[in-house]
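Here is a short set of exercises to work through with a structure viewer open. Try each task yourself before reading the solution beneath it.

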Amino acid sequence: MTDYRIIDNQLKAADFIRLFASAGWGELPPDLVETTLRGSWATFSVCKEGQTIAMARLLGDGAMSFFLKDFVVEPSYQGQGIGRALLSHVENYIAHQLKPGWNGYLQLVSAKGKEAFYQKCGYAIHPHDHSGAGMSKWIEK
């Protein structure tokens, strides 16, 4: 039994800002984050004991194309299977939105050094010189 839960579409700006910074990606102004969250197709929060310890944001058209953004597990919780559970949850969320016979294409850009995590989850590498590898995976219903 897990001691955390994944919540859809309730990611708070303050949690986003804190987790984004914990990944070493810098500080963000709250109004930018509020706009970002409103423009997202879906958001995901992993909560443990009332604290958000991981997040993901999904962009997309709701049918064919999806892009995973801002996928972060707080550093002190990494290596415990939380990232894998969150990624699986996101994939299942997409699959449940698709009509029978539809296939959705989930893409992402990995943070440098995190490519192996996504490969273990079934994603294919597309090399890129400016950042971690972009990856993609077909999600079928």
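The exercises below concern this predicted model.

**Exercise 1. Work out how the chain is built and how compact it is.**

Solution. Start with the secondary structure: the protein chain has 4 helices and 7 strands. Next, read the elements from the N terminus, which gives the order β-α-α-β-β-β-α-β-α-β-β. Now turn to compactness. The radius of gyration is 15 Å, and the globule rule gives 14 Å for 141 residues; the two values are close, so the chain is as compact as a globular protein of that length. The C-alpha trace spans about 40 × 35 × 35 Å along its principal axes. Finally, look at the contacts with a separation of 6 or more: 58% of them join residues 24 or more positions apart.

**Exercise 2. Find which residues of α1 are buried, and what covers them.**

Solution. Take the chain as a whole to begin with: buried residues make up 42% of its 141 residues. Then go to α1, which covers residues 13–22. Its buried residues are Ala13, Asp15, Phe16, Ile17, Leu19 and Phe20. A rule about helices helps when reading such a list: an α-helix has 3.6 residues a turn, so residues three or four places apart point the same way. The cover over the buried residues of α1 includes α2 (30–38), β3 (51–60) and β4. To finish, step past the helix to glycine 24, which follows α1 and has a positive phi, near 85°.

**Exercise 3. Describe the largest pocket and its lining.**

Solution. Begin with the volume: the largest pocket holds about 670 Å³ of space. Its lining has 29 residues, and those closest to the centre are Phe71, Val72, Lys114, Phe117 and Tyr118. Now sort the lining by element. Two or more residues come from each of α1, β4 (65–73), α3 (82–97), β5 (103–109) and α4 (115–120). Of these, β4 gives the most, with 7 residues. Sorted by character, the lining residues are 16 nonpolar, 8 polar and 5 charged.

**Exercise 4. Starting from tyrosine 118, examine the aromatic pairs.**

Solution. The structure holds 10 aromatic pairs. In one of them, tyrosine 118 meets tyrosine 123, with 6.3 Å centre to centre and 80° between the planes, an edge-to-face arrangement. Are these two residues buried or exposed? Buried means under 20% relative accessible area. Tyrosine 118 has 7%, so tyrosine 118 is buried. Tyrosine 123 has 4%, so tyrosine 123 is buried too. Elsewhere, ring pairs link Trp41, Phe44, Phe66 and Tyr93 into a cluster.

Key:
Residues numbered from 1 in each chain as written. Predicted model: local features only at pLDDT ≥ 70, side-chain atom pairs only at ≥ 80, totals over all residues. Heavy atoms only, no water. 1 Å grid on protein atoms, 1.4 Å probe; cavity = no way out; pocket = protein on both sides within 12 Å on 5 of 7 lines; lining within 4 Å. Points joined across faces, edges and corners; volume = space filled by probe spheres on them. Nonpolar A, V, L, I, M, F, W, Y, C, P; charged D, E, K, R; others polar. Phe/Tyr/Trp six-rings, centres within 6.5 Å; stacked < 30°, edge-to-face > 60°. Buried < 20%, exposed > 50% of the residue type's maximum accessible area, 1.4 Å probe, protein only. Contact = heavy atoms within 4.5 Å. Rg over C-alpha atoms; globule rule 2.2 N^0.38 Å.
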